[in-house]
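Me: Hey, I've just opened this one and don't know my way around yet. Can you walk me through it?

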Amino acid sequence: MTTIEKALVLEGGGLRGQYTAGVLDAFLEMGITFPYIIGVSAGASIACSYVSGQIGRNQEIVERFRNDPRYLSLRNLFTKGSLFGMDFIYGTVPNELVFFDYPAYYAHPARFVTVCTDCATGGAVYYEKDADLLTVLRASASMPFLSQMVEYEGRKLLDGAIADAIPIEKAQAEGYAKKVVVLTRPPNYRKKPEGGTAARLVYRRHPALVEALGSRVDRYNRQMERVEAEERDGSALVIRPSRDLGVSRTEKSVEKLRALYELGIEDGKAALGRL
């Protein structure tokens, strides 16, 4: 393996994360790794198989289970409070169906950081490899309004993207002036303003979380501006979809998800010279 002395920063995006899966599988095929890897939401879940060296694992899961109601369905939302089947995805799948290689994961020398949002403070919490892996991954991917909070070590946690959707500043603070950033949106993407009424109703007992939800669009757009600035000055190599395939975060079409994964492989290999 060749270690690139840069931080690897991975955005979330639900099932758009299949693009990231393709990029990371391309890196594995090329024998490229990084000393510091930080992922948010789906980005963190996808990255685990990169750290464990399991090429194709993320795509196998989507191919087999995307249209299985245990994976994603309104039934899950109404019966368990989460659109995605969290018990299935972060329990049954890695431990019984598409096995996760825990020994290889823990043996990898890289620091691997998962970003979550603390519902009491509205701020980001960063968990290292010694945390309970499946619990913090589940928390990081628990989308507001569509998932239950996850309790861990005295905290109630939700989607890391609320507080720190593109953790490029965290990578900088850890000493990495150079980064490789994998995004799941096309060039020049910006989030549009959101209404705050739902947050005030659903999370009225967590005012700091309501505030964080109300400011997350501005925060995300500022982070994107920083990513683009670092891309221009050469501090960041940014890999993003070279074509917009119109894939949503809850995409139903396995064919579209396969095409997105293959685009990730293509773009990842194309980035080799820039790495």
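**Aromatic pairs**

Reply: Sure. The structure holds eleven aromatic pairs, and keep in mind that this is a predicted model.

Me: OK, how are the rings of Tyr36 and Tyr176 arranged, stacked or edge-to-face?

Reply: Their centres are 5.2 Å apart and their planes sit at 25°, which is under the 30 degrees cut-off, so Tyr36 and Tyr176 are stacked.

Me: And where do Tyr36 and Tyr176 lie?

Reply: Tyr36 is in strand 4 (residues 36-40), while Tyr176 is in the loop between helix 9 (168-173) and strand 9 (179-182). The pair therefore ties together parts that are 140 residues apart in sequence.

Me: Is Tyr36 buried or exposed? And what about Tyr176?

Reply: Tyr36 is buried, with a relative accessible area of 0%. Tyr176 has 18%, and since buried means under 20%, Tyr176 counts as buried too.

Me: How do Phe65 and Phe88 pair up, stacked or edge-to-face?

Reply: Phe65 and Phe88 are edge-to-face, at 5.4 Å centre to centre with 85° between the planes. Phe65 belongs to helix 3 (residues 57-65) and Phe88 to helix 5, so this pair ties together parts that are 23 residues apart in sequence. Phe65 and Phe88 are both buried.

Me: Which residues form one aromatic cluster?

Reply: That would be Phe100, Tyr102, Tyr105, Tyr106 and Phe112. Tyr105 also has Lys129 over its face, at 5.3 Å from the ring centre.

Me: What sits over the ring of Tyr220?

Reply: The charged end of Lys191 does, 4.8 Å from the ring's centre.

Me: Switching to helices. You mentioned helix 5, so how do helix 5 and helix 7 pack?

Reply: Helix 5 (residues 86-97) and helix 7 (residues 133-140) pack at an angle of about 145°, and their axes are 10 Å apart. The crossing is right-handed.

Me: Which residues meet there?

Reply: From helix 5, Met86, Asp87, Tyr90, Pro94 and Asn95 meet Leu134, Leu137 and Arg138 of helix 7. By class, that contact has five nonpolar, one polar and two charged residues.

Me: Last one: why is helix 2 largely enclosed by the rest of the structure?

Reply: Because ten of the ten residues of helix 2 (residues 42-51) are buried. Among them are Ile46, Cys48, Tyr50 and Val51.

Me: What follows helix 2?

Reply: Gly53 does, and the phi of Gly53 is positive, near 75°.

Note on methods: Residues are numbered from 1 along each chain as its sequence is written. This is a predicted model: local features need pLDDT of at least 70, side-chain atom pairs count only at pLDDT 80 or more; totals for chains, interfaces and linings use all residues. Side-chain values use heavy atoms; hydrogens and water are left out. Buried means under 20% relative accessible area, exposed over 50%, partly exposed in between (1.4 Å probe, protein chains only). Helices (H or I, at least four residues) and strands (E, at least two) are DSSP runs, numbered from the N terminus. Axes are lines fitted to C-alpha atoms, for helices over the stretch in contact, and angles run from 0 to 180 degrees between N-to-C directions. A crossing is left-handed if the near helix is turned anticlockwise from the far one by less than a right angle, and right-handed if clockwise. Contact means heavy atoms within 4.5 Å. Ala, Val, Leu, Ile, Met, Phe, Trp, Tyr, Cys and Pro count as nonpolar, Asp, Glu, Lys and Arg as charged, and the others, Gly among them, as polar. Rings of Phe, Tyr and Trp (its six-membered ring) pair if their centres lie within 6.5 Å; planes under 30 degrees apart count as stacked, over 60 as edge-to-face and the rest as tilted. A charge sits over a ring if NZ of Lys or CZ of Arg is within 6 Å of the ring centre and within 35 degrees of the ring normal.
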